[in-house]
Amino acid sequence: MMLSPDQAADSDHPSSTHSDPESLGGADVKVLGSVSDLEPVEEADGDSKGGSRAALYPHPQQLSREEKRRRRRATAKYRSAHATRERIRVEAFNLAFAELRKLLPTLPPDKKLSKIEILRLAICYISYLNHVLDV
């Protein structure tokens, strides 16, 4: 069965000579309006001048300083480094209390004191030594 040129233009048949994109591929075909529609694809491939992330993300989200800090601190590498720094700080703190404890007279001498007890005893001992020097 042969179709007339008018019938072929109205048909969705693939052998039609009509160049309407909808008739060629159905409703699922996307039609590019111009060559400028292809430019973001070229930039995304790295053909742009700088090859920056801005070319890949045309509308970068502007983050506040606090949000950047929050995101950086959420990484495993940062948490691990922070834990290491904190461990070193606490060890140094405990060593300082141990050294101070060795200098304070207590009965019995090997009595275990809390940190607040060590500080209070150190204050009293310093006051006592100042009194002894004044007399």
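What joins the side chains of T106 and R101? A polar contact of 2.7 Å does. The views below place this pair in the predicted model.

**Conventions.** The model is predicted: local features need pLDDT of at least 70, side-chain atom pairs count only at pLDDT 80 or more, and totals for chains, interfaces and linings use all residues. Residues are numbered from 1 along each chain as its sequence is written, and side-chain values use heavy atoms, with hydrogens and water left out.

**View 1. The protein chain has seven helices and zero strands.** Helices (H or I, at least four residues) and strands (E, at least two) are DSSP runs, numbered from the N terminus. The order from the N terminus is α-α-α-α-α-α-α. Of the 135 residues, 9% count as buried (under 20% relative accessible area, 1.4 Å probe, protein chains only; exposed is over 50%, partly exposed in between). Take the contacts (heavy atoms within 4.5 Å) between residues at least 6 apart in sequence. Of these, 0% join residues at least 24 apart.

**View 2. Helix α6 crosses helix α7.** Helix α6 spans residues 76–103 and helix α7 residues 115–134. Their axes (lines fitted to C-alpha atoms over the stretch in contact) come within 10 Å. They cross at roughly 45 degrees, on a scale of 0 to 180 degrees between N-to-C directions. The two helices are therefore oblique (not under 35 degrees, over 145, or 65 to 115). The crossing is left-handed: the near helix is turned anticlockwise from the far one by less than a right angle.

**View 3. Residues of α6 meet residues of α7.** From α6 come F93, N94, F97, L100, R101 and L103. From α7 come K115, I118, L119, A122 and Y125. The contact divides into eight nonpolar (Ala, Val, Leu, Ile, Met, Phe, Trp, Tyr, Cys and Pro), two charged (Asp, Glu, Lys and Arg) and one polar (the others, Gly among them). L119 is in helix α7 and is partly exposed, at 38% relative accessibility. L119 and R101 lie 18 residues apart in sequence and 9.0 Å apart in space, C-alpha to C-alpha.

**View 4. T106 sits in the loop between α6 and α7.** T106 is buried, with a relative accessible area of 17%. A polar contact is a pair of N or O atoms within 3.5 Å; within protein, one must be able to donate a hydrogen and the other to accept it, and residues adjacent in sequence count only if both atoms are side-chain atoms. The T106 side chain reaches the backbone oxygen of P108 at 3.2 Å. Leaving aside neighbours within four places in sequence, T106 is in contact with R101, L113 and L121.
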